[in-house]
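Me: I've got a model open and I'd like to learn how to read it feature by feature. Could you walk me through some of it?

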Amino acid sequence: MKPAPFGYADPTTVEEALDVLSSEGEGAKVLAGGQSLLPLLSMRLAAPTTLVDINRLPGLDFIEAGRDGVRVGALVRHAALLASVEAAGVQPLLTRATANVAHPAIRNRGTTVGSIVHADPSGEMTSVLALTDGSVTVATPGGPTTIGWREFFVGPLETSVHGPAVVLDAFFPALPARSGTAFAEVARRKGDYAVCGAGVVVTVDDDLRITAARAAYLSVGLVPEVHDLTEAVAGRTVDSADWAAAGALARGLVDPDGDLHASADYRRLLVATLTERTLADAGAEAVRRALEAS
Amino acid sequence: MTTKLFGEPVRRREDARLIIGQGRYLDDIGADAHAAAFLRSPYAHARVVDIDVTGALDVEGLLAIYTYADLTGPLAEPLPVLIPHPQLTHPRTGYPLAKDVVQHVGEAVVMVVATDRYVAEDAAALIEVTYEELPVVVGVDAARAALHAVHEDVPDNVAARHHQETGDVAVALAASAHTLSFTQYVERSAAMPMEGKGVHARWDADDKALRVYTSTQASTSVRAAIAAKLQLSLEKVEVIAPDVGGGFGVKIVHPWPEELLVPMAAIALGHEVKWTEDRREHFISSAHERQQRQEITVGYDDGGRVTALDVHIWHDNGAYTPYGIIIPIVTATQLVGPYAVPVYRVQVDSVFTNTVIVTPYRGAGRPQGCFAMERTMDRIAQERGIDRAEVRSRNLIQVDQFPYDQHLTFQDGRPVIYDSGDYVGLMDKLKALIDWDSVVERRADAEARGRLLGIGMAMYVEGTGPGPYEGGHVQVLGSGKVLVSTGLTSQGQGHETVFAQLVASELGVPMEDVEVTTGDTRRFGYAVGTFASRAAVMSGNAVALAARGVREKALRIAADVLEAEPADLVIEDGLVQVKGVPGTSIPLRTVAVLSNPLRYAFDEAAKQATQFAGPGDNSKPPVAVGDAPGLEHTDYYSPIRSTFASGAHAVVVEIDPATWEIDVVQYAVVHDCGNVVNPMIVEGQVHGGVAQGVGGALYERMAYDADGQLQNASFMDFLMPYASEVPPVVIDHQETASPLNPLGLKGAGEAGVIPGSAAIASAIEDAVGRRIAAMPISPTELYDLVRSSAADRVTNTDPTLPTLNTGAMA
């Protein structure tokens with residue numbers, strides 16, 4: 001369990017990083033927290049020619065919580081995002097989801113942006129980026145570009161970014177007004193990858209009737225999936241909403257695979273259960289926030 | 001500090017060292033050693049057609065490549081069958097490096113030695129082995145069906161048919177008022193110590209001597225094996241078990257191929273060589289345990305009393321049988337547990353599969369035996385409409401029946417005679433501890449919270465402390481320090497503490513003056529090893545006897561000096577004194593000095609023992625006939641047969657009927673290991689065992705596919721429970737001294753793991769009303785079970801319980 005030989009570069013500017021990535025070609029890999037990459041290296045499942053360590057790049061360890069949303073720099077560790085009261089105030093899903101990311105030791109090293117770039121459909125932050133309709137900022141030799149989540153996630157462990165590029169940050173839009181969120185997972189052991197997970201957003205109108213209910217799931221598809229469940233509960237108050245109907249709707253919309261830890265059927269059951277439970281929580285929060293705002 | 005420490009919860013003296021990173025584990029040794037890496041078979045069953053190493057030869061830093069063709073003499077022969085048995089008719093073992101055929105994924109084919117492990121793995125990756133694939137046999141059912149042969153010369157894949165019976169079971173079954181027959185399964189798991197295996201070897205070319213460090217549970221036997229296989233004289237081989245990061249059985253197997261090949265390379269290269277097993281290697285090339293198919297027929301009367309028991313077990317022994325049929329024997333003999341079974345017949349067919357070898361993992365066949373018997377008790381209870389605890393109580397061996405002869409032959413070749421016990425007491429304590437009779441209210445409370453609650457229990461008897469022997473050496477130095485050594489090894493159990501407690505108590509010295517060494521053949525050459533819950537019983541009694549020998553000699557010498565009778569002397573806090581005469585005393589360290597008559601003084605203390613130091617008795621030689629210089633004694637403990645510890649576990653589970661997640665919310669243990677030397681250490685052993693029991697019941701399995709590829713060979717997918725998955729454990733002790741050994745001890749090491757699967761299966765079954773006939777069980781499997789129309793519905797007619805929650809699944 002020792003990695004194959006690889007080169008190592010630790011650039012101190014984004015330009016320098018892009019230069020190394022350009023000269024090394026497809027064999028180069030960006031290293032941030034290393035919590036996914038290094039095990040792959042040690043098991044020789046990945047053998048990059050060069051690791052481009054971005055930990056010395058300045059200005060990427062920031063959390064910027066503004067009115068529109070939260071921007072998370074590429075060197076922000078999960079633990080820092082989890083502890084950010086400001087980020088939670090703008091988009092509560094960030095802390096709720098991050099609390100489910102692995103264990104403290106991994107959260108201390110692993111980065112939020114790194115886990116998004118890793119594009120694992122079992123990852124919490126990929127789903128949160130999708131559910132919040134977020135995007136990433138990518139530095140390329142041609143200048144920075146912004147890529148929305150739908151375009152960014154292409155397949156399991158695969159993004160649309162090719163060629164020399166460094167993802168500089170991820171942007172998570174703010175929770176809309178009169179909305180609530182919830183996030184829940186079922187994992188075999190505390191901190192494991194979720195067998196299934198769900199994040200939801202529920203929005204109500206001024207009469208506290210539901211206008212939107214959306215959910216994103218973990219470990220049910222090849223890429224993060226967002227499903228609109230509004231039709232099952234639209235126009236209802238949160239107390240009279242048939243959340244189980246929304247769960248049943250979601251169950252029909254997903255097409256999960258089975259693996260060692262869960263059959264596809266069991267995942268569908270969890271989609272229904274987690275949808276029902278998280279929507280109820282998010283609906284209650286939406287009402288609370290609507291009342292507070294009015 | 002008091003010197004009477006037996007029974008005290010003395011804090012573990014090894015912990016400070018181990019938890020702050022000051023432990024010295026295998027990989028901490030030999031920073032400059034060359035590194036070995038192994039190329040292992042990617043196929044479960046294949047013929048090795050060709051090995052082409054040319055691609056690796058140019059790797060800078062490569063030092064040597066070994067294949068089977070490079071092995072000579074005894075090394076080229078199959079690895080030993082460690083425990084032969086007449087019923088093991090077709091033993092098979094592999095070679096240190098595969099000869100013609102590989103029998104499981106992970107079998108070593110090539111060893112590469114290089115300047116470091118990275119380079120060794122680089123070179124190994126460039127070696128090309130051509131295989132011709134052969135049909136693969138995976139799982140006990142496939143082995144039993146025998147459509148393909150694992151070893152072409154072994155009929156029906158059967159290595160052994162182990163058989164024992166205590167009467168004519170056919171007649172007894174025919175005469176039984178009721179009978180039940182059923183089949184159930186237990187899945188594979190594994191010991192999975194935090195530290196894998198590892199070997200470091202250093203050859204001294206001038207002395208022609210070999211020193212080997214290995215992460216083992218049996219250093220003396222590894223030494224003998226290395227000497228034999230490498231054709232070295234025994235006195236030229238030293239084997240030392242350094243700090244060992246857990247064993248749980250897997251490290252009792254020896255010699256592992258690496259324990260022979262690494263020393264072989266060290267000698268050939270004239271340089272230290274080290275191999276540290278990585279986790280994937282541990283998964284695919286060490287050992288697993290537990291898979292069995294159990295076919296059970298039981299006869300019983302109207303009251304639920306067992307009248308006959310007929311058991312046929314199919315035991316998956318993996319690709320080879322280096323450890324013989326110990327697990328089948330243990331399952332067969334421990335199955336009957338605390339119960340009086342009038343007529344019992346058991347057959348265990350031990351079958352080959354193309355998977356990692358199966359050797360003892362903590363419990364060593366007992367969890368499966370317990371699963372068979374305890375699930376039988378549950379079935380009888382359900383069938384007769386009697387409370388599960390009551391059915392067990394009606395079948396228990398009573399206190400006045402000890403010693404109780406089960407008329408079986410145990411793993412040590414000796415009769416299964418339960419030395420002592422109080423199983424009725426265990427049951428009473430357990431029911432109180434878990435509040436067995438309050439389950440109706442608790443079930444209602446859980447239902448109100450939307451959860452299904454179930455309760456289960458399981459009892460066991462564990463044969464512990466098998467022979468043949470262990471020894472102990474105790475020596476008092478002139479400094480007052482007391483050196484204790486025993487040959488068996490330690491893997492974190494707390495031996496340094498317990499053996500020091502025993503010696504301090506026996507000898508009357510402060511515990512801090514006592515230093516304990518284990519598993520170092522330089523200090524103690526005769527030993528068997530650490531397994532089968534035997535360390536306290538075997539080495540505990542041996543070091544206690546050795547300490548008694550030292551005490552006797554000390555009193556004899558001190559009596560001379562103090563002009564008193566030995567019987568009038570006591571030793572307290574390291575001081576020998578005349579009872580009731582304060583001030584008439586001599587320090588034990590001075591006795592140690594005087595015990596060794598000297599010509600040469602090398603320090604102040606030594607002067608006292610020189611020939612002109614005082615008037616001697618010229619009528620006697622300085623060292624009496626039959627005596628020896630030095631205040632030291634070696635003694636051995638060899639038991640007539642095993643001791644039998646016992647216990648009972650009860651568990652409460654809550655299940656979420658919308659996710660089928662299973663929470664163990666209460667876990668109660670009543671434990672009887674005879675006299676307890678250190679209750680804190682016993683409780684620690686129980687906690688660890690329970691954790692592994694919960695793992696085996698709810699999380700761990702070896703997910704082999706049909707091609708014999710292990711799908712979950714990492715800690716990401718092999719779900720060893722974290723601390724967060726292990727429930728709080730409440731423990732009550734019962735102490736029924738063993739009459740078989742001087743200290744009255746029984747073993748405690750494995751007990752905690754034994755009843756886990758049985759008790760948890762019982763509780764889940766109680767909660768969901770469906771038969772649990774295979775363990776472990778995961779939420780996704782439980783979901784399948786409750787949806788399956790084919791699954792047995794359990795109709796519980798237990799008057800103390802409400803109708804089971806079968807409606808919840810409708």
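Reply: Sure. Let's start with burial: a residue is buried if 20 or more other C-beta atoms lie within 10 Å of its own, and exposed if 12 or fewer do. Keep in mind that this is a predicted model.

Me: Which residues of helix α12 of chain B are buried?

Reply: First the general idea: an α-helix has 3.6 residues a turn, so residues three or four places apart point the same way. In α12(B), residues 439-448, the buried ones are V439(B), R443(B) and A446(B). Seen down the helix axis, they fall within an arc of 65 degrees, so they line one face of α12(B).

Me: And which exposed residues sit on the face turned away from that buried side?

Reply: V440(B), E441(B), A444(B), D445(B) and A448(B). As for the cover over the buried residues of α12(B), it includes β18 (452-464) and β26 (643-655) of chain B. Just after the helix, G450(B) takes a positive phi of about 80 degrees.

Me: How wide is the arc of buried residues in α10(B)?

Reply: Here the buried residues are R388(B), A389(B), V391(B), R392(B) and N395(B). Their arc spans 160 degrees, so they too line one face of the helix. They pack against β14, α9, α11, β18 and α18 of chain B.

Me: Let's try a single residue. Is S646(B) buried or exposed?

Reply: Count the C-beta atoms around it: S646(B) has 28 others within 10 Å, so it's buried. This residue lies in strand β26 of chain B. Beyond its neighbours within four places in sequence, its contacts include P338(B), Y423(B), Y460(B) and D672(B).

Me: Now a strand. How many residues of β13(B) are buried?

Reply: 7 of its 9, so the strand is largely enclosed by the rest of the structure. Next, look for its partners. β8(B) pairs with β13(B) in the antiparallel sense over 9 bridges, with Y185(B) opposite R293(B). β13(B) also pairs with β14(B), again antiparallel and over 9 bridges, and there Q294(B) stands opposite I313(B).

Me: How many residues lie between β13(B) and β14(B) in their hairpin?

Reply: 5, and G304(B) in the turn has a positive phi of about 85 degrees.

Me: Last one: how many residues of chain B are in contact with chain A?

Reply: The size of an interface is often given as the accessible area lost when the parts come together. Here we'll count contacts: 24 residues of chain B touch 16 of chain A. On chain B's side, α2, α7 and α19 each supply at least two residues. By class, that side has 9 nonpolar, 5 polar and 10 charged residues.

Methods
Residues are numbered from 1 along each chain as its sequence is written. Chains are lettered from A and ligands numbered from 1 in the order in which they are written. This is a predicted model: local features need pLDDT of at least 70, side-chain atom pairs count only at pLDDT 80 or more; totals for chains, interfaces and linings use all residues. Helices (H or I, at least four residues) and strands (E, at least two) are DSSP runs, numbered from the N terminus. The arc is that of the directions from the helix axis to the C-beta atoms. Two residues are in contact if their C-beta atoms, placed from the backbone, lie within 7 Å. Ala, Val, Leu, Ile, Met, Phe, Trp, Tyr, Cys and Pro count as nonpolar, Asp, Glu, Lys and Arg as charged, and the others, Gly among them, as polar. Two strands pair if DSSP finds at least two bridges between them.
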